[in-house]
Amino acid sequence: VLFRSQKIYGIDSLSIARLWSFIKLPEKGKAFFVKENSYQTNFKQRKRPEIIELNSADTTQLISLPMIGSKLANRIINYRNKLGGFYSPLQLMEVYGLKPETFEIIKTRIQVNSDLIAKIDINKCTNDQLNKHPYFGYKISAQIINYRAQHGPYKSISDFKNIILLSQESIEKIKFYIKFL
């Protein structure tokens with residue numbers, strides 16, 4: 001009842017009663033100023049978090065994301081280089097050591113520009129070039145090259161449906177990394 005006229009929102013009356021002896025209020029009619037502490041100053045200076053573009057980001061930018069250290073940033077860049085770039089932020093889940101909880105925290109701060117993906121000319125590449133890409137591997141690379149040798153150049157992504165080892169899911173992944181010239 002004593003504190004009913006107090007306007008302290010978010011604190012119940014029992015907490016106010018316990019803390020009342022520690023509260024110093026100015027005399028009625030006198031103004032007072034509260035010195036800003038560093039937390040208040042930092043809070044005022046905060047900006048909206050920067051959005052990181054994964055296909056052009058360097059390690060410094062990746063480290064600025066929550067829960068991403070230098071080791072994980074290097075793994076992300078190494079995987080990006082092996083792929084030729086990311087077509088979706090979800091591909092970060094394929095990076096060794098990146099936990100689903102980390103992805104959930106950073107997913108609103110990342111984006112990809114798929115125009116930056118390095119594409120493989122599927123009609124001119126060698127088995128070794130394909131084999132280095134994480135989505136192909138030795139057996140699939142060999143089948144792709146053999147099919148091309150037997151049937152001529154690939155004309156579209158639908159030609160890959162004739163390759164036995166390639167599932168529809170695999171075709172959906174690799175279509176971002178190949179070009180037909």
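User: Where does M67 lie in this model, and what makes its phi stand out?

Analyst: In this predicted model, M67 is placed in the loop between α3 (59–63) and α4. Its phi is near 65°, a positive value in a residue other than glycine. Most residues other than glycine have a negative phi.

User: What is the overall make-up of the chain around that loop?

Analyst: The chain has eight helices and four strands, and along the sequence these follow the pattern α-α-β-α-α-α-β-β-α-α-α-β. Of its 181 residues, 31% count as buried, a class that requires under 20% relative accessible area. Among contacts with a separation of 6 or more, 52% join residues 24 or more positions apart. The chain exposes about 13000 Å², of which carbon and sulfur atoms supply 54%.

User: Why is S141 called buried?

Analyst: The cut-off for buried is under 20% relative accessible area, and S141 has 0% relative accessibility, so S141 counts as buried. The residue lies in helix α7, and, leaving out residues up to four places away in sequence, S141 touches N127, L130, N131 and F136. Its C-alpha is 8.0 Å from that of D128, a residue 13 positions apart in sequence.

User: What makes the approach of the S141 side chain to G137 a polar contact?

Analyst: A polar contact needs a pair of N or O atoms within 3.5 Å, and the side chain of S141 reaches the backbone oxygen of G137 at 2.6 Å. The distance therefore falls within the cut-off.

User: How do you know that L116 is partly exposed, and what does L116 touch?

Analyst: Partly exposed is the class between under 20% and over 50% relative accessible area; because L116 has 44% relative accessibility, L116 belongs to that class. L116 is located in the loop between β2 (110–111) and β3 (120–121), where its contacts, not counting residues up to four places away in sequence, are E53, N55, S56 and G84. One of these residues, N55, is 61 residues apart from L116 in sequence, while the two C-alpha atoms are 6.4 Å apart in space.

User: What makes E94 and K173 a salt bridge, and which parts of the chain does the pair tie together?

Analyst: The criterion is a side-chain nitrogen of Lys or Arg within 4 Å of a carboxyl oxygen of Asp or Glu, and the closest N and O atoms of E94 and K173 are 3.9 Å apart, so the pair meets the criterion. E94 lies in the loop between α4 and α5 and K173 in helix α8, so the salt bridge ties together parts that are 79 residues apart in sequence. Both partners fall in the partly exposed class, E94 at 31% relative accessibility and K173 at 27%.

User: How many salt bridges are found in the whole structure, and what are the N to O distances in the pairs E104 with K107 and K175 with E172?

Analyst: A search of the whole structure finds three salt bridges. The side chains of E104 and K107 meet at 2.9 Å, N to O, and the closest N and O atoms of K175 and E172 are 2.7 Å apart. E104 is partly exposed, with a relative accessible area of 48%, and K107 is partly exposed at 37%. K175, at 34%, is partly exposed, and E172, at 35% relative accessibility, also counts as partly exposed.

User: What makes up the largest nonpolar core, and which elements contribute to this core?

Analyst: The largest nonpolar core has 38 residues, and those with the most contacts inside it are L62, I68, I76, L92, I144 and F160. The elements that give two or more residues to this core are α4 (70–83), α5 (100–106), α7 (137–151) and α8 (168–174), and α4 gives the most, with six residues. Leaving aside neighbours within four places in sequence, I68 is in contact with L62, I63, A73, I76, L98, T102 and I106. In soluble globular proteins, nonpolar side chains tend to be buried together.

User: Which residues form a nonpolar patch on the surface, and where is W20?

Analyst: L19, W20, F22 and I23 form the patch, with about 400 Å² of accessible area together. W20 lies in the loop between α1 (13–19) and α2 (38–45). With a relative accessible area of 30%, W20 counts as partly exposed.

Notes. Residues numbered from 1 in each chain as written. Predicted model: local features only at pLDDT ≥ 70, side-chain atom pairs only at ≥ 80, totals over all residues. Heavy atoms only, no water. Patch = residues over 30% accessible without salt bridge, like charges linked within 9 Å, V, L, I, M, F, W, Y side chains within 5 Å. Areas by Shrake-Rupley, 256 points an atom, 1.4 Å probe, with all protein chains shown as cover. Buried < 20%, exposed > 50% of the residue type's maximum accessible area, 1.4 Å probe, protein only. Core = buried A, V, L, I, M, F, W, Y, C linked by side-chain atoms within 4.5 Å. Contact = heavy atoms within 4.5 Å. Polar contact = N/O pair within 3.5 Å; in protein donor to acceptor, adjacent residues only side chain to side chain.
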